[in-house]
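Here are my notes for your first reading of this model. Keep the structure open beside you and check each point as you go.

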Amino acid sequence: MKILITGNMGYVGPSVVKQLRYTFPRATLIGYDAGFFAGCLTNADILPEARLDTQIFGDVRTLPITVLDNVDIVIHLAAISNDPMGNRYEDVTMDINFKSSIRLAMMAKKAGVRSFVFASSCSIYGDSEGGAKHENSRVKPLSTYASSKFLTEKQLEGLADVSFTVTCLRFATACGMSDRLRLDLVLNDFVAGAIISGKIDILSDGSPWRPLIHVKDMARAIEWAALRDKHMGGSFLAVNTGANEWNYQVRELAKMVAAEIPGTIVNINKNASPDKRSYQVNFGLYKSLAPAYQPQYTLRKAISELREGLVSMNFNNPDFRNSSLIRLKMLDRLQCSKELNKQLEWTFLKTKTIIEKVF
């Protein structure tokens, strides 16, 4: 079995690679990534890419069809990965997240790939009107990032057939420790703030709802999707991926972090304008289709793991929101050094680079 993982050098990728290598020790695993965040390692025991057979550095917008030779499964993680980056780079986000995703899927189908897994997002629902969102609920993307995910889903649906199974995992908001940690995610930010300053400042009134999922549970869901038989959900499936127990209001998350990290003060901006990005999600379909792959992490365990991980890496930066642990700040840094242009293309790299194991 040969598996291609795009965007493997981001926040989610290291856990996916580790999960797949553990489950499929003899599989050929190929990573394809632009490498923007390759240097953002956080307390990793080993270089995550050491678990791959081949690492290819390249732009997903120009991924050549030869990369797909004899590939059985494509796991497509590569994306501009949150609202702040999407708002800064709207056109680039649509090129990478939408147009390149469809191009990759079309090439994959032509190359004979049998399973295509797309990392989508519950953010496509947008707001909390109408109660917990299920897969047939009205969608209301409120950002370029969310729009790019929904547009990709709709186009992928037309490509799926009996020989090309497509699974769109509408993930809850990611959280938890990773070999390439991000602190621009709500729970991760709260834990970091509690450790650094002993306080959590909530910019909203704390009422918005957020469903969460641990990054390692995301990896397990991706394994399920990669192996999913088309008889379990059809040739095309878009499924909310997470657990009903992980629907929390932002203020609940902050209070739980404060309970786990004693002495933490929670400040809520009671005069803030309502945050339109608020949604609860129903994960019942995922539970019925993938009972053996349900999330294993609890919120308390995720907080504890984040705390231990940050402490063990001697995390002590009071200005962490301007550090490389914030993905937009890392892109800013690469642009300031003129290593990336405004289209987020490497200025010095004209061809893809391949690193293969030789042992």
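1. Is Phe 116 buried or exposed? Phe 116 counts as buried, because its relative accessibility is 0%. The cut-off for buried is under 20%. Keep in mind that this is a predicted model.

2. Now look at the partner of Phe 116. A search of the whole structure finds 7 aromatic pairs. In one of them, Phe 116 pairs with Phe 164. The centres are 6.1 Å apart and the planes meet at 45°, a tilted arrangement. This pair links distant parts of the chain, with the two positions 48 residues apart. Phe 116 belongs to strand S5 (residues 115-121). Phe 164 sits in the loop between helix H4 (144-157) and strand S6 (165-171). Phe 164 is also at 0% relative accessibility, so Phe 164 counts as buried.

3. Compare another aromatic pair. The planes of Phe 36 and Phe 37 stand at 85°, so this pair is edge-to-face. Their ring centres are 6.1 Å apart. Phe 36 and Phe 37 are both buried. They also belong to a cluster: ring pairs join Phe 36, Phe 37, Trp 346 and Phe 348.

4. Charges sit over rings too. Arg 327 places its charged end over the ring of Phe 37, 4.8 Å from the centre. Elsewhere, Lys 301 lies over the face of Tyr 297. Here the distance to the ring centre is 4.4 Å.

5. How many disulfides does a search of the whole structure find? The count is 0. A disulfide is a covalent bond between the sulfur atoms of two cysteines. Take Cys 175: the closest cysteine sulfur belongs to Cys 122 and is 13 Å away, so it is too far for a bond. For Cys 336, the closest cysteine sulfur is in Cys 40, and no bond can form because the distance is 15 Å. The two examples sit in contrasting surroundings. Cys 175 counts as buried, at 0% relative accessibility. Cys 336 is exposed, with a relative accessible area of 68%.

6. Next, the nonpolar interior. The largest nonpolar core has 73 residues. Ile 5, Ile 75, Leu 187 and Trp 224 have the most contacts inside this core. Helix H6 (residues 215-227) gives the largest share, 8 residues. Follow Ile 75 outward. Beyond its neighbours within four places in sequence, Ile 75 is in contact with several residues, including Ile 3, Val 16, Leu 20, Val 117 and Ile 222. There is also a second, separate core of 27 residues. Among its members are Ile 56, Ala 160, Val 166 and Cys 168.

7. Do not skip the polar residues. Where is the place of Asn 82? Asn 82 is in the loop between strand S4 (73-76) and helix H2 (83-88). Asn 82 counts as buried, because its relative accessibility is 9%. Its side chain makes a polar contact with the side chain of Asp 184, at 3.2 Å. Leaving aside neighbours within four places in sequence, Asn 82 is in contact with Tyr 145, Arg 182 and Asp 184.

8. Finish with Ser 143. Ser 143 lies in the loop between S5 and H4. Its relative accessible area is 10%, so Ser 143 is buried. Not counting residues up to four places away in sequence, Ser 143 touches Asp 83 and Asn 87.

Note on methods: Residues are numbered from 1 along each chain as its sequence is written. This is a predicted model: local features need pLDDT of at least 70, side-chain atom pairs count only at pLDDT 80 or more; totals for chains, interfaces and linings use all residues. Side-chain values use heavy atoms; hydrogens and water are left out. Rings of Phe, Tyr and Trp (its six-membered ring) pair if their centres lie within 6.5 Å; planes under 30 degrees apart count as stacked, over 60 as edge-to-face and the rest as tilted. Buried means under 20% relative accessible area, exposed over 50%, partly exposed in between (1.4 Å probe, protein chains only). Helices (H or I, at least four residues) and strands (E, at least two) are DSSP runs, numbered from the N terminus. A charge sits over a ring if NZ of Lys or CZ of Arg is within 6 Å of the ring centre and within 35 degrees of the ring normal. A disulfide is a pair of cysteine sulfur atoms within 2.5 Å. A polar contact is a pair of N or O atoms within 3.5 Å; within protein, one must be able to donate a hydrogen and the other to accept it, and residues adjacent in sequence count only if both atoms are side-chain atoms. Contact means heavy atoms within 4.5 Å. A nonpolar core is a set of buried Ala, Val, Leu, Ile, Met, Phe, Trp, Tyr and Cys residues joined through side-chain atoms within 4.5 Å.
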